[in-house]
Amino acid sequence: MLRTGVALVLGGVLAGAPEMAAAQAPLVAEGCIGCHGPGARGSGSVAGIAGRDAREIATALMAFRAGERTGTIMNRIAKGYTDAEIAAVAAYLAGLRR
Amino acid sequence: MSNALTRRTLLAAAAAAPLAAPLPLRAQGSARLVVVGGGFGGASAASFARRAYPWLTVTLVEPLTRFVTCPYGNLVLGGERRMEQITHSYDGLRARGVTVVHDRAAAVDPAARTVRLAGGQTLAYDRLILAPGIALRWGGIEGYDETASARMPHAWVPGDGTQTRTLRRMLEEMPDGGVVGMAIPANPFRCPPGPYERISMIAHYLKRQKPRSKILALDAKEGFSKQPLFQEGWAALYGGMIEWVPASRDGKVVKVDPAAMVLETEFGTKHRVAVANVIPPQRAADIAAPFADASGWVQVDPTTFEARTAPGVHVVGDANNGAPMPKSGYVANSTAKQAVASAAALLRGERPPEPVYFNTCYSHVGEEYGISVVNIFRVGPQGIAEVPDSGGISPRGNLPDQRRLEALHADAWYSSITRDMFG
Ligand SMILES: Cc1cc2nc3c(=O)[nH]c(=O)nc-3n(C[C@H](O)[C@H](O)[C@H](O)COP(=O)(O)OP(=O)(O)OC[C@H]3O[C@@H](n4cnc5c(N)ncnc54)[C@H](O)[C@@H]3O)c2cc1C
């Protein structure tokens with residue numbers, strides 16, 4: 001049930017990422033690489049998130065934000081970003097080399 | 001400050017940019033970015049500028065040939081890291097195409113757009129990133145000056161690492177049963193959770209090596225960052241080893257006597273200690289001081305980080321008044337990138353990007369015991385503000401998996417951010 005909810009929201013999110021969020025995406029992603037490694041390619045215990053499917057990244061972030069996926073810190077982080085930013089940063093990260 | 005006004009100022013600045021000095025440079029397709037200070041703000045700025053805006057020529061001015069990080073310095077004190085593991089070279093930045101000049105900036109002339117170096121050289125810039133960090137207010141605590149800091153180290157500005165090494169040596173030489181005294185300043189200061197991570201790491205060392213010893217933490221405040229989490233961890237790991245004294249219970253150190261190893265508090269109590277770590281009040285480093293206000297910190301535009309009194313001079317890191325953002329390495333890194341993006345946009349006559357600032361401070365409380373705080377900030381009508389219902393501190397309670405994983409992720413963070421800066 002919850003899954004469907006996320007998928008529905010996500011469909012809308014990926015379709016309608018406003019231009020502003022897209023322009024911002026590289027800088028938003030810079031906030032992630034402090035933990036996810038240079039180029040978002042991973043660092044020690046923190047997984048790489050570069051070059052993955054955009055939908056997979058966005059789904060993960062939406063689930064963290066909704067509290068449907070547990071983590072040590074990503075729930076608190078995901079709550080700081082809008083739907084549009086999540087979609088834009090996911091698309092940007094997906095375009096990076098793994 | 002009104003946001004509408006900021007926008008207008010920025011738009012005006014953006015519109016005016018093509019008329020300003022950068023025009024001929026733009027025609028050649030390049031512009032000169034000078035960065036003063038090669039720490040969390042400056043190294044992040046220089047690295048990011050080369051990576052994201054290869055048309056910028058970047059010169060970094062930093063007197064030290066090797067940078068010792070404050071972060072993880074507390075783990076050195078706790079015996080969990082060696083100094084070499086928190087020391088970084090500038091070779092990575094050179095390999096990125098940054099011209100690294102090992103000298104000290106002596107003066108900035110915002111009108112002429114030049115920086116004069118102590119060695120005599122003058123550097124011209126189109127945009128300046130100023131990230132010199134903090135200066136300690138010698139005399140802010142009576143009797144605490146540079147000489148006193150050899151016997152009562154602060155270990156709050158690492159420089160070449162001597163301060164951290166000295167404090168570590170003193171802890172090693174202290175007999176079991178000794179009292180380690182700490183003086184902790186009022187807000188704002190560099191790294192709000194830093195003193196409490198330090199208490200934790202010193203306790204971690206003492207518990208194993210000198211279990212009859214005590215830590216007396218004298219604080220000029222009533223409360224501190226991640227307090228419930230720290231206190232929960234201290235109770236669980238260190239029993240009665242740590243005594244934290246807030247200002248209202250006479251915790252504020254106002255005077256020191258290094259010869260007698262005495263810390264004296266506001267109401268006249270004299271504490272004789274075996275080892276003293278005095279973290280004095282702070283202000284913006286000297287090179288930024290001409291742009292600071294009476295508070296000692298530099299007021300900046302919340303989007304471009306240009307000093308209010310010096311357009312073209314972007315002040316990032318601990319030297320600015322970034323409240324409500326903490327003076328942290330992560331904030332220095334995050335705001336440095338926004339400042340560089342703004343500088344690049346203004347040089348091209350474009351509008352600076354809409355910022356989102358990010359902060360995480362991990363702290364080690366003990367072995368396999370990490371905690372964190374997250375903040376995300378945006379610029380609103382009242383200036384910089386935290387995004388409502390976001391971020392916050394780690395959950396409380398007996399959560400061994402959470403603590404163990406956060407200690408691991410903290411290590412991942414350190415490796416990640418230092419490679420982002422220096423790699
Ligand atoms: C014990 C401790 C633990 C910490 N732990 C964390 C943590 O876990 N996470 C976190 O995010 N933050 C942490 N911090 C905070 C972090 O270290 C600072 O916020 C950060 O270093 C600020 O960056 P900065 O660029 O302003 O200053 P710095 O990193 O100090 O860099 C300033 C640089 O400028 C140079 N400089 C100064 N004057 C001049 C001049 N005139 N010309 C040229 N160069 C000059 C200096 O030599 C120095 O290299 C900690 C701090 C302490 C003390």
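These legends accompany close-up views of a predicted model.

**Figure 1. Chain A, confidence and fold.**
The mean pLDDT of chain A is 86. Of its residues, 81% score at least 70. The weak stretch is residues 1-17, where pLDDT stays under 50. For that stretch the model has 18 contacts beyond four places in sequence. Chain A holds 5 helices and 0 strands. Along the sequence the pattern reads α-α-α-α-α. Chain A has 98 residues, and 48% of them count as buried. Take the contacts in chain A between residues at least 6 apart in sequence: 63% of these join residues at least 24 apart.

**Figure 2. Helix α5 of chain A.**
Helix α5 of chain A covers residues 83-94. Its 12 residues should span 16 Å at 1.5 Å a residue, and the end C-alpha atoms are 16 Å apart, so the two values agree. The buried residues of α5(A) include a run from the start of the list: A:A84, A:E85, A:I86 and A:A87. A:A88, A:V89, A:A90 and A:L93 are buried as well. One of the buried residues, A:E85, also forms a salt bridge with B:R378.

**Figure 3. The interface of chain A and chain B.**
In this interface, 27 residues of chain A are in contact with 37 residues of chain B. The area buried between the two chains is about 2,400 Å². Carbon and sulfur atoms give 57% of that area. On the side of chain A, the residues that lose the most area to chain B are A:L27, A:T72 and A:R76. Together these three account for 27% of what that side buries.

**Figure 4. Polar pairs and helices at the interface.**
Between chain A and chain B the rule finds 4 salt bridges. One of the residue pairs that form a salt bridge is B:R378 with A:E85. Their closest N and O atoms are 2.7 Å apart. The rule also finds 19 residue pairs in polar contact across the interface, with both residues at pLDDT 80 or more. Two helices of chain A, α2 (19-36) and α4 (74-78), each supply at least two residues of the side that touches chain B. The largest share of that side comes from α2(A), with 11 residues.

**Figure 5. The surroundings of B:S328.**
B:S328 sits in the loop between β20 (310-315) and α10 (329-347) of chain B. Its relative accessible area is 5%, so B:S328 counts as buried, the cut-off being under 20%. Two backbone nitrogens are shown with its side chain. The nitrogen of B:V331 is reached by the side chain of B:S328 at 2.9 Å. The backbone nitrogen of B:Y330 lies 3.4 Å from a polar atom of that side chain. Leaving aside residues up to four places away in sequence, B:S328 touches B:D318, B:N359 and B:C361.

**Figure 6. Helix α3 of chain B.**
Helix α3 of chain B runs over residues 40-52. At 1.5 Å a residue its 13 residues should span 18 Å, and the end C-alpha atoms are 18 Å apart, which agrees. Of the 13 residues of α3(B), 10 are buried, so the helix is largely enclosed by the rest of the structure. Among them are B:F40, B:G41, B:G42, B:A43 and B:S44. B:A45, B:A46, B:S47, B:F48 and B:A49 are also buried.

Note on methods:
Residues numbered from 1 in each chain as written. Chains lettered and ligands numbered in written order. Heavy atoms only, no water. pLDDT = per-residue confidence, 0-100. Contact = heavy atoms within 4.5 Å. Helix = DSSP H or I, 4+ residues; strand = E, 2+ residues; numbered from the N terminus. Expected span 1.5 Å × (residues − 1). Buried < 20%, exposed > 50% of the residue type's maximum accessible area, 1.4 Å probe, protein only. Buried area = accessible area lost by both parts, 1.4 Å probe. Salt bridge = Lys/Arg side-chain N within 4 Å of Asp/Glu carboxyl O. Polar contact = N/O pair within 3.5 Å; in protein donor to acceptor, adjacent residues only side chain to side chain.
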